[in-house]
There are 4 protein chains.
Amino acid sequence: MDLEGRAARRMEIMAAARWCFLRKGFHAASTAEISEKASISVAGLYQYFPTKADLVMALVEEDLEMDLEWVSDLAKAESLHDGLIKLVLEYANDVGCGDAMRLRLEVTAEASRDPKIAAVFSDLEARLVAAVSRLLADRQAKGEIDATLDPEVTARTVLAFLDGVFGWIAVGGDSRANEAFAHAALALLWRGLKPIGS
Amino acid sequence: MDLEGRAARRMEIMAAARWCFLRKGFHAASTAEISEKASISVAGLYQYFPTKADLVMALVEEDLEMDLEWVSDLAKAESLHDGLIKLVLEYANDVGCGDAMRLRLEVTAEASRDPKIAAVFSDLEARLVAAVSRLLADRQAKGEIDATLDPEVTARTVLAFLDGVFGWIAVGGDSRANEAFAHAALALLWRGLKPIGS
Amino acid sequence: MDLEGRAARRMEIMAAARWCFLRKGFHAASTAEISEKASISVAGLYQYFPTKADLVMALVEEDLEMDLEWVSDLAKAESLHDGLIKLVLEYANDVGCGDAMRLRLEVTAEASRDPKIAAVFSDLEARLVAAVSRLLADRQAKGEIDATLDPEVTARTVLAFLDGVFGWIAVGGDSRANEAFAHAALALLWRGLKPIGS
Amino acid sequence: MDLEGRAARRMEIMAAARWCFLRKGFHAASTAEISEKASISVAGLYQYFPTKADLVMALVEEDLEMDLEWVSDLAKAESLHDGLIKLVLEYANDVGCGDAMRLRLEVTAEASRDPKIAAVFSDLEARLVAAVSRLLADRQAKGEIDATLDPEVTARTVLAFLDGVFGWIAVGGDSRANEAFAHAALALLWRGLKPIGS
DNA sequence: GATGAATGAGGCTTCATTCAT
DNA sequence: CATGAATGAAGCCTCATTCAT
């Protein structure tokens, strides 16, 4: 009944799983490795996650939370432009961002095959789009970005753009090059978003 | 001596492999399934590709050719803007584009773990960037896009953007929505590329 | 925690493996056969021996213990001559000695290709030579064998001789013939060992 | 119909097979490797030897000839003692003797499982024993070795002894040590063979 | 006579998962 | 609750051998 301890153990396992998946991918990372990294027996693992796929889903949901979080951070930023730059630069300078992105790539690929993951995934997408839509509409009201853009479809475009940029950063070379690329990419994006003539 | 027949068989196998990988992913698609789809014995498969990874690499190289091809198509287009729209719309309306993209996601993820794939992959990237750079520089000369943009870094940005957009299209819902999204995305991109004030 | 049961199971597997290797040789005996003979699943086998080669090594080490044991028995014998006769006759009359020797032949051959086995093997050899050297020196002191012989090199010679004799017994025909051969062989050996003129 | 060329090809194949078997053992050496080493197609191999086992047998028979040859050499030697020393020293100094012995070990082990090989093998043994018996009887008549020894059983003993010694030389260390060992081993053997008191 | 291509059978190993303790 | 032990299913790959050309 030690719910607290149980939750902590659960998170340890998830951390271990993330660590393993990052390095080896879903299929190559075995439950044995994960449980060893989590200092638990293999059988013990199954008391927290009835299936390897469930572990994956838990991780996906965790990612979802993080994504929504940075959108919320962005919403709080004084200037959307500066907030975006800060977001992308942080990512570009984050050692390990590559791993995180790789995991996401795999999750995305996997999502298209496992309906359960797909469900979680499309939920994430919907909520992200909604949050970014609100954010954009808000900034349109403030005149920060072009008022003629449709908030929802632009939200999708921005998210797609960020996905692409993060992907290239993850695969890309040294962090210096990544930083330059991040700046240029955001500049281009901003040229598209800002009110014409400003 | 029947080099032709051999090459044909090889392509059959690659097609079968692509089909299987698309549906199940690299690790989940077994050599048995692939060879059955290719109407060949498992042992026979290994006379054409000494390793499952080699099969993957062959597929990656094939993708490379296709990518370079569409860049070349784009270069021939009267108007870059129209060429881009055509490219993205074709993709958005292509049934099966999702599969292709999914495979690419997995390849990208795998590339970060298999050095051989990574090598082929980074070669692809370099050639793509070079080709798009040339294309952009050319269009800058024609005044079609903003002359102040650095061709190479902009090439990277455009490629990243397209990656992201294609990814969302692939995962996205019905083709009608995809088409609308494609239009909006390209409009945003173009606002970023075109000469200011035009 | 059931260390005892685990050790027992381990020995069962080793016995099964010996049985299979004896009859079919290393390469021809499959893990499937061994595990079936050991009444365990193939996967279970791998919890006790991480590799087929490890199983072999365990068997080699077991042989080593047995070899050292008979040297120790020999050392306790009243008369070295009688001890040797007893040793060889026991071997000659042992049904199954052929199998044991055959396995040893294969191990020896394998040792020259697998460095790990070779290491275990050369360790065995060194310890055997040392033990027999001590034994011979002891008997020289008692005047039982010729004092001019160098203990170590003679130890090697005796061991080589016994190897050869055991080999012929193993391959040889009926046990009656083997017995006669054993007697004659030992007589010849003893003519070489005993003090001249005695 | 080019019988000569055919025979030559056959011998090339046997040489290639010996080379491969020596290095990798029977089971590990594949027909593919052998045929490549023999510069022939795999299918071509099967026109000379209908089965891998037949190839092995041909090699065994070849060995038999060589063994009988050295017995015949020994018979021609002025002094049996010197002839033996020469024989063993040549072997001890022969680079590659280890490989040859290893192959023999494997053959011996295999012989106990394949009845066809066993037949060839026991034929070899019988002929060797007969030849050495004659040799010993001859030398007894000349007073070179003890007349009370039974020729046949002594022949077996000597052959077993040589097997053992050759085995230890093959596995043994550097050639210097081997030479010393060879000398000591033969000295011991000779003490057993020579007429008492001589 | 020689060969490239093909294959059925099988080998070793690993995995996700269960269950008695 | 936790775990050591066990396992069926499956995966990748290799081999000896055949056959149409």
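Two residues are in contact if their C-beta atoms, placed from the backbone, lie within 7 Å. In this predicted model, C:Val107, C:Glu110 and C:Ala111 of helix α6(C) meet C:Ile117, C:Ala118 and C:Phe121 of helix α7(C) in that sense. The points below begin with one chain, go on to the pairs of chains and the nonpolar cores, and end with the two DNA strands.

**Chain A as a single unit**

- Chain A contains nine helices and zero strands, and from the N terminus on its elements therefore read α-α-α-α-α-α-α-α-α under the rule that helices and strands are DSSP runs numbered from that end.
- The C-alpha trace of chain A spans about 65 × 35 × 30 Å along its principal axes, and of the 198 residues in the chain, 33% are buried.
- When the contacts in chain A with a separation of 6 or more are considered, 62% of them are between residues that stand 24 or more positions apart.

**Two helices of chain C**

- Helix α6 (residues 97–111) and helix α7 (residues 115–141) of chain C pack at an angle of about 115 degrees, and their axes are 8 Å apart.
- The contact of α6(C) with α7(C) is made of five nonpolar residues, no polar residues and one charged residue.

**Chains A and B**

- Chain A can be laid on chain B with an RMSD of 0.2 Å by a turn of 179 degrees, together with a shift of 0.1 Å along the axis, and this is the relation of a two-fold axis.
- The same surface serves both copies, since 100% of the contact residues of chain A recur in chain B.
- Across this pair, 32 residues of chain A are in contact with 34 residues of chain B.
- On the side of chain A that touches chain B, at least two residues each come from α6 (97–111), α8 (151–171) and α9 (175–193) of chain A, and α8(A) gives the most, with 12 residues.
- Sorted by class, that side of chain A has 15 nonpolar, 10 polar and seven charged residues.

**Chains C and D**

- Chain D is superposed on chain C, with an RMSD of 0.2 Å, by a rotation of 179 degrees and 0.1 Å of shift along its axis, and 100% of the contact residues of chain D recur in chain C, which is to say that the same surface serves both copies.
- In this pair, 33 residues of chain D are in contact with 34 residues of chain C.
- The elements of chain D that give two or more residues to the side touching chain C are α6 (97–111), α8 (151–171) and α9 (175–193), and among these α8(D) gives the most, with 13 residues.
- The side of chain D that touches chain C holds 16 nonpolar, 10 polar and seven charged residues.

**Chains that do not touch**

- Chain A and chain D are joined by no contact, and their closest C-alpha atoms lie 29 Å apart.
- Chain B and chain D do not touch either, their nearest C-alpha atoms being 13 Å apart.

**Nonpolar cores**

- The largest nonpolar core has 62 residues, and those with the most contacts inside it are C:Val165, C:Ile169, C:Ala185, D:Val165, D:Ile169, D:Ala182 and D:Ala185.
- Helix α8(D) gives the most to this core, with 13 residues.
- Leaving aside residues up to four places away in sequence, C:Val165 touches C:Val88, C:Ala185 and D:Ala160.
- Apart from that core lies another, of 60 residues, which includes A:Leu149, A:Leu162, A:Trp168 and B:Leu193.

**Surroundings of the DNA strands**

- DNA strand F is surrounded by 32 residues, of which A:Ala43, A:Gly44, C:Ala43, D:Ser30 and D:Ala43 are the closest.
- The elements giving two or more residues to the surface near DNA strand F are α3 (42–48) of chain A, α2 (31–37) and α3 (42–48) of chain B, α1 (3–24) and α3 (42–48) of chain C, and α2 (31–37) and α3 (42–48) of chain D.
- By class, the surface near DNA strand F has 15 nonpolar, 12 polar and five charged residues.
- Around DNA strand E there are 31 residues, and A:Ala43, B:Ala43, C:Ser30, D:Ala43 and D:Gly44 come nearest.
- The surface near DNA strand E receives at least two residues from each of several elements, including α1 (3–24) of chain B and α3 of chain D, and its residues divide into 14 nonpolar, 12 polar and five charged.

Definitions and conventions: Residues are numbered from 1 along each chain as its sequence is written. Chains are lettered from A and ligands numbered from 1 in the order in which they are written. This is a predicted model: local features need pLDDT of at least 70, side-chain atom pairs count only at pLDDT 80 or more; totals for chains, interfaces and linings use all residues. A residue is near a molecule or strand if its C-beta atom, placed from the backbone, lies within 6 Å of it. Helices (H or I, at least four residues) and strands (E, at least two) are DSSP runs, numbered from the N terminus. Ala, Val, Leu, Ile, Met, Phe, Trp, Tyr, Cys and Pro count as nonpolar, Asp, Glu, Lys and Arg as charged, and the others, Gly among them, as polar. Copies are superposed by least squares on the C-alpha atoms of residues with pLDDT of at least 70 in both. A nonpolar core is a set of buried Ala, Val, Leu, Ile, Met, Phe, Trp, Tyr and Cys residues joined through C-beta atoms within 7 Å. A residue is buried if 20 or more other C-beta atoms lie within 10 Å of its own, exposed if 12 or fewer, and partly exposed in between; C-beta atoms are placed from the backbone. Axes are lines fitted to C-alpha atoms, for helices over the stretch in contact, and angles run from 0 to 180 degrees between N-to-C directions.
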